[in-house]
Amino acid sequence: MTDSDDVLSELASLPTFHHPTASPDGSEVAVYYDGSGRNELCLVDAETGEMRQVSDGEVPRNARWFLRWDAGGDRVYFHLDDGGDEQNDVYAIDRDGAVEPVVEMDGQTILFDVHEEFLLVGSSAGGQMNLYRHDLATGETTKATDYERAVMSGTVSPDGERIAYATNETDDYENVDVYVADADGSNPRNLELGETGAEANVADWGPDGDRLLVADNTEDLGRAGVYDLDRDEVTWFGDLDAEEEPVQFLPGGDRFLALRTRRAAVMPVVYDVETGASRELDLPEGVASFPRVGEAALADDRVLVSHTTPDRRPELLAADLGSEAETAPERRAGDTATRESESESESESEYDVLIEAEYGDLDPDRFVDAEYFRFESDGVAATEAAAVDLDPATDLEIEALLYDSGERPSPLLVKPHGGPRGADQRSFDLYTQFLLTRGYSVLEVNYRGSTGRGRAFLEELYGDWGGAEQADVARGVEHVLATRDWIDEDRVVVFGGSYGGYSAYWQLVQYPDRYDAGIAWIGLTDLVEMYETTMPHFRTELMEKYLGSPEENPDRYEQRSPITHAENLDAPLLVVHGVNDRRVPVSQARLFRDRLADLGYERGEDGDFEYVELGEEGHASSDVDQKIRLFRILDDFLDRRLGTPGA
């Protein structure tokens, strides 16, 4: 294909699946799939892979939020909002496509767990995100917890008598603890996992209700553990050579699933609870995932695994775990036991492909693999800082991924990830591959504060939002320019969304000499206004956790807001924002737009900045039509401002 618009549309229209989850009997998989051109709820036969569409426009166009089966396997619960505003209610759809509302509350409502008698949901209806119990027989919804800090997880014991969840009651803002309470929220008990200041979480109940699968980062790298509720004792697993995240117990409770992150890749792991032995499933280095919310277990000892690499689109697999002869390391003495994975099973898993990666008329070999590398950064860039002078921070190795478009010389697009609690990984990214087709090489930097590198690396961003982590991004650009002579240093652009959008704004006002254009999508510009208008759990678990409150740190809020330094803008800027965004309200874009106008910057295609609001869209979207629209906006801006060598 040679027509650029055809390529753009074809890329954005490639069918994609989201949030697969196995039915209670393991015979089917509920999944979002947009093969029709719109996101729909489909059921997949776990043996044959045959797919049947159940919904017909009743589910959200944007597949952000996950699915859950009901306890009997007769219906699937989904989250429905208004035009992407994330003020979700919980709905159910049966096998014939009949839909009904189940939990309707003000604010954002998230389905955490399902029991045959009730649903456990989180909701910001009362202000902060807390747990509520929705009785399925009566339709009554009652509040189960009442914390000042957000409750961001919740799971129900198999007998429905207890719940487990994570929140923080300490004065240490970084701390998160795991609690167990009666099902109505009474008699909560802190399990006191790890040290104060560390983050613990709960992933799953054991099938007998006497154990919990938990996580903790006391020892820096995240680890998985099994907490025995009768003995009040936790057994930790792994040898702490990589970040690990527990996912769920397998049927019978003698094994559990986990995800292991190393070198920007995520591998699926099966642990034996008794021996402590672990086995990475035999997949190419990339990013694998089990259903984190929902069920991974299929019939006949198989599990659902999604897998992708930088140059291969996601596939949904059914992995046959078979029988593993795993070697058991010795158990350490003491009340708190640790199981090490010193030797791993050499047996291999077999896979059935339930949903194949689709490429339409595009050649799969056209997609570009990522080069993984590291570079040193002390949190101060060589490029002159125009907004805030920084002192050296901790000297760290920063991970990065570089995608080479093949153009010579090649313009460079720097693409900071969102979050900031997130990371760029070795997975297929549609935006990256789209930019590569336009001739732009792409740099992704996992700045300090990114996930996958442990607690100390994560906490480097606390109190320094807009500081050393932004210098890490600039240092990454400097490193690439110094080591790859095929990069065109006169065509460097920054593009990011959400916290990546904040990064785009900040890079342009902090390092204006480095960039020739910028695109800020759903980004933050005024941190005080963001604090006052975002959802309550983002206010506490994002703003206060990383920056304190504006009352406590007014100077830091003002200093690290891009709007404070808007007069430093010295390159064409495209501002894009969804009008229904409740995470980062559209007022963030409007304030920056108005500030530029006040400073005398000219708006328009030939001006200093361009401004686009996206109707019927919130904080990004997976909808095909909305992706095509955004791609066209980006493509047009880049072509006019810097040229498109790949056209």
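Let me start with the open sheet of 4 strands that runs β1-β2-β3-β4, with antiparallel pairing. Keep in mind that this is a predicted model. At the edges of that sheet stand β1, residues 17-22, and β4, residues 51-53. Each has a single partner strand, so one side of each is left without a neighbour in the sheet. From one strand to the next, the twist averages 25°. If you want a place to look, take β1 and β2, the latter being residues 28-33: they pair in the antiparallel sense over 4 bridges. H18 has its bridge partner in β2, and that partner is Y32.

There is another open sheet of 4 strands, in the order β5-β6-β7-β8, and the pairing there is antiparallel too. Here the edge positions go to β5, at 68-69, and β8, at 99-103. Both have a single partner strand, so one side of each lacks a neighbour in the sheet. β5 is joined to β6, residues 75-80, by 2 bridges, and the two strands run antiparallel. W69 has V76 in β6 as its bridge partner. As general background, strands of a sheet pair through backbone hydrogen bonds, either parallel or antiparallel.

Now to a helix. α5 covers residues 499-510, which is 12 residues. From its first C-alpha to its last it reaches 16 Å, close to the 16 Å expected at 1.5 Å a residue. Is this helix enclosed or open to the outside? Of its 12 residues, 12 are buried, so α5 is largely enclosed by the rest of the structure. Among those buried residues are Y499, Y502, Y505 and W506, but also the polar ones S503, Q507 and Q510.

That brings me to the nonpolar cores. The largest has 62 residues, and the members that touch the most other members are L412, V414, L443, W465, Y515, M543 and L573. The largest share of this core, 7 residues, comes from α5. A second, separate core has 43 residues, including Y359, L413, L436 and F631.

Back to V414 for its surroundings. Leaving aside its neighbours within four places in sequence, V414 is in contact with L443, V473, V477, V492, V493, V494, F495 and Y515. Two residues in that list, L443 and Y515, are also among the core members that touch the most others.

Next, charges. In general, side chains of opposite charge can pair when their charged atoms come close. The structure holds 48 salt bridges. I will go through three pairs and one network.

The E199 and R421 salt bridge has its closest N and O atoms 3.0 Å apart. This pair links distant parts of the chain, 222 residues apart. E199 is in the loop between β16 and β17, and R421 is in the loop between β33 and α2. E199 is buried, at 14% relative accessible area, while R421 is partly exposed, at 36%.

R374 and E397 also meet in a salt bridge through their side chains, at 2.9 Å from N to O. R374 is in strand β31 and E397 in strand β32, 23 residues apart. Both ends are partly exposed: R374 has a relative accessible area of 34%, and E397 has 36%.

The third pair is E610 and R641, whose side chains meet at 2.9 Å, N to O. E610 lies in strand β38 and R641 in helix α10, residues 624-641, so the pair ties together parts that are 31 residues apart in sequence. E610 is buried, with a relative accessible area of 8%.

As for the network, D241, E244, R260, R262 and E280 are linked by salt bridges.

R641 has one more connection to mention, and that is G607. Where does G607 sit? G607 is found in the loop between α9, residues 587-598, and β38, residues 609-614. At 9% relative accessibility, G607 counts as buried, the cut-off being under 20%. Apart from neighbours within four places in sequence, G607 is in contact with E602 and R641. L362, by contrast, is 245 residues from G607 in sequence and 36 Å from G607 in space, C-alpha to C-alpha.

To recap the last part, R641 forms the salt bridge with E610 and is also a contact of G607. That is where I will stop.

How values were computed: Residues numbered from 1 in each chain as written. Predicted model: local features only at pLDDT ≥ 70, side-chain atom pairs only at ≥ 80, totals over all residues. Heavy atoms only, no water. Expected span 1.5 Å × (residues − 1). Buried < 20%, exposed > 50% of the residue type's maximum accessible area, 1.4 Å probe, protein only. Core = buried A, V, L, I, M, F, W, Y, C linked by side-chain atoms within 4.5 Å. Contact = heavy atoms within 4.5 Å. Pairing = 2+ DSSP bridges. Axes fitted to C-alpha atoms, helices over the stretch in contact; angles between N-to-C directions. Salt bridge = Lys/Arg side-chain N within 4 Å of Asp/Glu carboxyl O.
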